[in-house]
Amino acid sequence: MSPISLSHRRAQPITVAVIDKNPLVRRGLDQILREDGRFDLVMSAADGEAFLADYAARGVAAPVDVAVSGWVMARGGGGKSLLQRISAMANPPKVVIYTGDLSDMALRAAIREGAAGLVHKSEQPERLLQAIAAAANGGRDFPAAARRQPPMAALTKRERELLAALADGATNNRLAEDLGVSVNTVKFHLRNLYEKLDVRNRAQAVAIFLSE
């Protein structure tokens, strides 16, 4: 997805928070952001828990425009959990994921949970600055890899058959009987299926199946 071009210059700098488990990454982004007059780095945190606590302490009078967040964190559930918690806030910042994980699963999760962009850590710093600026102005910026592979492509033949049975309304007991396995084994296969599709339940899995 191409970033939306900026049609005007903001009167005030874009306020930015950085969330990353690596202190070297935080320090590097601090320098990059402070050297660019478009941005004002106002927060820095090692994980989502620390960010949310500091953000609440700032109060509604001092919102942040864009949060730049890593995907894997030491605590707090990582980028996916952070996106979910931010989406429930009254005045949430836009979130740009800055990560070394460019897997299809991470991309789909970031998009589904409402991220405004995703930038790989191997890219030039200008790409991240571009994504932050686009997010602050209502745009979305994801790499071409986000369109690389449909969710169903990662499933095995058995998993596709299992998903088709779910779409037909099969219960866990019926699936266990049809497959000749225990209900616990069915639940195990379903957990793997949900993880591959990056969904939380059978309703979301079936929705993906029906959209193919």
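## D178 and its partner in helix 7

D178 sits out in the open: its relative accessible area is 56%, which makes it exposed. Keep in mind that this is a predicted model. D178 pairs up with R174 in a salt bridge, and their closest N and O atoms are 3.6 Å apart. R174 is a bit less open, at 39% relative accessible area, so it counts as partly exposed.

How far apart are D178 and R174 along helix 7? They are 4 residues apart, about one turn of the helix, which covers residues 172-179.

## Other salt bridges

Here's the basic idea: side chains of opposite charge can pair when their charged atoms come close. The count for this model is 10 salt bridges.

Another one joins R34 and D30, with 2.9 Å from N to O. Both belong to helix 1 (residues 23-34), and with their positions 4 residues apart, about one helical turn separates them. R34 is exposed at 52% relative accessible area, while D30 is partly exposed at 25%.

Now for a pair that works across the chain. E113 and R200 form a salt bridge, with 2.7 Å between the closest N and O atoms. E113 is in the loop between helix 4 (104-112) and strand 5 (117-120), and R200 is in the loop between helix 8 (183-197) and helix 9 (202-211), so this pair ties together parts that are 87 residues apart in sequence. E113 is buried, at 12% relative accessible area, whereas R200 is partly exposed at 45%. R112 joins in too: together with E113 and R200, it is part of a network of salt bridges.

## Two rings in helix 2

There is 1 aromatic pair in the structure. F51 and Y55 make it, and the pair is tilted, with 5.4 Å centre to centre and 45° between the planes. Both residues lie in helix 2 (residues 48-58), 4 residues apart, or about one turn. Are these two rings' residues buried or exposed? Both F51 and Y55 are buried.

## Helix 5, tucked inside

Helix 5 runs over residues 125-136, and its 12 residues reach 17 Å from first C-alpha to last, close to the expected 16 Å. Why call helix 5 largely enclosed by the rest of the structure? Because 9 of its 12 residues are buried. Among those buried residues are R127, L128, L129 and I132, along with A133, A134, A135 and A136.

What covers them? The cover over the buried residues of helix 5 includes helix 1 plus strand 1 (14-19), strand 2 (39-45), strand 3 (66-69), strand 4 (94-99) and strand 5. After helix 5 comes G138, with a positive phi near 90°.

## Helix 8, with one buried face

The 15 residues of helix 8 should span 21 Å at 1.5 Å a residue, and the end C-alpha atoms are indeed 21 Å apart. Its buried residues include V186, L190, L193, Y194 and L197. Looking down the axis, the buried residues of helix 8 fall within an arc of 95°, so they line one face of the helix.

What do those buried residues pack against? Their neighbours are helix 4, helix 6 (157-167), helix 7 and helix 9. On the other side of helix 8, N184 and R191 are exposed. Following helix 8 is D198, whose phi is positive, near 60°.

Technical notes
Residues numbered from 1 in each chain as written. Predicted model: local features only at pLDDT ≥ 70, side-chain atom pairs only at ≥ 80, totals over all residues. Heavy atoms only, no water. Salt bridge = Lys/Arg side-chain N within 4 Å of Asp/Glu carboxyl O. Buried < 20%, exposed > 50% of the residue type's maximum accessible area, 1.4 Å probe, protein only. Phe/Tyr/Trp six-rings, centres within 6.5 Å; stacked < 30°, edge-to-face > 60°. Expected span 1.5 Å × (residues − 1). Contact = heavy atoms within 4.5 Å. Arc of directions from axis to C-beta.
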